[in-house]
Amino acid sequence: MPADFNGKWILETSDKFEDYLKVLNIDFATRKIAISLSQTKVFVQDGDQFDAKTLSTFRNYELTFTVGVAWAETTKGLDNRTVMSLVTWDGDKLVCTQKGEKANRGWKHWIEGDKLHLELTCEDVICRQVFKRHI
């Protein structure tokens, strides 16, 4: 049985988020706004089917995917690139690889206790964020 990601998660800590945005070529003003915002993640999970939302007062990003099924993802609201994305399970971790013009791009989500961990990777930059389950 895979991990249960269902719920609302509030950002607690973020490390190297601006570096991650820089490597994606996000402009200075947008980076400064993005790093100052609190993010909320909302997951609706039905087995291997996910609806994941990242919400803030600046921009929202919604992603719907099925584990094990590749799709062409347009990262609208982030860097507006089209990447081929594939999410798989690695134990209880969700692991996404994104193939496109940026090397070593992807993310990992996993849960430890009441914390949701997110690791964003692009080229040689790794951003780590931790969210707390909102009850």
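The largest cavity in this predicted model has a volume of about 640 Å³. The exercises below start there.

**Exercise 1. The cavity**

Task: Find how many cavities of 30 Å³ or more the structure has, and describe the lining of the largest cavity by class.

Solution.
- Step 1. Count. A search of the whole structure gives 1 cavity of 30 Å³ or more.
- Step 2. Look at the wall. The lining of the largest cavity takes in 31 residues. Gln39, Lys41, Thr54, Tyr61 and Leu78 lie nearest the centre.
- Step 3. Assign the wall to elements. Those giving two or more residues to this lining include helix H1 (17-23) and helix H2 (28-36). Strands S2 (40-46), S3 (49-55), S4 (61-66), S8 (105-112) and S9 (115-122) do so as well.
- Step 4. Sort by class. The lining has 16 nonpolar, 10 polar and 5 charged residues.

**Exercise 2. Strand S2 and its partners**

Task: Work out how S2 pairs with S1 and with S3.

Solution.
- Step 1. Take S1, residues 7-15. S1 and S2 are antiparallel and share 4 bridges. Across this pairing, Lys8 faces Val42 in S2.
- Step 2. Take S3. S2 and S3 also run antiparallel, with 7 bridges between them. Here Phe43 is opposite Ala52 in S3.
- Step 3. Check the turn. The hairpin of S2 and S3 has 2 residues between the strands. Gly47 in this hairpin has a positive phi near 65 degrees.

**Exercise 3. Salt bridges**

Task: Which residue forms a salt bridge with Lys102, and are the two partners buried or partly exposed?

Solution.
- Step 1. Find the partner. Lys102 bridges to Glu123, with the closest N and O atoms 3.7 Å apart. The cut-off for a salt bridge is within 4 Å.
- Step 2. Place both ends. Lys102 sits in the loop between strand S7 (93-99) and S8, and Glu123 in the loop between S9 and strand S10 (125-134). They are 21 residues apart, so the pair links distant parts of the chain.
- Step 3. Judge exposure. Buried means under 20% relative accessible area. Lys102 has 13%, so Lys102 is buried. Glu123 has 32% and is partly exposed.

Task: Repeat the analysis for Lys132 and Asp114.

Solution.
- Step 1. Distance. The closest N and O atoms of Lys132 and Asp114 are 2.5 Å apart.
- Step 2. Location. Lys132 belongs to strand S10, while Asp114 is in the loop between S8 and S9, 18 residues apart.
- Step 3. Exposure. Lys132 is partly exposed at 34%. Asp114 is partly exposed at 33%.

Task: Compare the exposure of Arg128 and Glu119.

Solution.
- Step 1. The two side chains form a salt bridge at 3.4 Å, N to O.
- Step 2. Arg128 has 42% relative accessibility, so Arg128 is partly exposed. Glu119 has 14%, so Glu119 is buried.
- Step 3. Look beyond single pairs. Asp79, Arg81, Glu101 and Arg105 are joined into one network by salt bridges that share partners. The structure holds 10 salt bridges.

**Exercise 4. Aromatic rings**

Task: Classify two of the 8 aromatic pairs.

Solution.
- Step 1. Phe43 and Phe50 lie 6.3 Å apart, centre to centre, with 85 degrees between the planes. This pair is edge-to-face. Phe43 is buried at 3%, and Phe50 is buried at 2%.
- Step 2. Phe50 and Phe65 have ring centres 5.0 Å apart and planes at 10 degrees, so they are stacked. Phe50 is in strand S3 and Phe65 in strand S4, so this pair ties together parts 15 residues apart in sequence.
- Step 3. Widen the view. Phe5, Phe43, Phe50, Phe65, Trp71, Trp89 and Trp107 make up one aromatic cluster.

Terms used:
Residues numbered from 1 in each chain as written. Predicted model: local features only at pLDDT ≥ 70, side-chain atom pairs only at ≥ 80, totals over all residues. Heavy atoms only, no water. 1 Å grid on protein atoms, 1.4 Å probe; cavity = no way out; pocket = protein on both sides within 12 Å on 5 of 7 lines; lining within 4 Å. Points joined across faces, edges and corners; volume = space filled by probe spheres on them. Nonpolar A, V, L, I, M, F, W, Y, C, P; charged D, E, K, R; others polar. Pairing = 2+ DSSP bridges. Buried < 20%, exposed > 50% of the residue type's maximum accessible area, 1.4 Å probe, protein only. Phe/Tyr/Trp six-rings, centres within 6.5 Å; stacked < 30°, edge-to-face > 60°.
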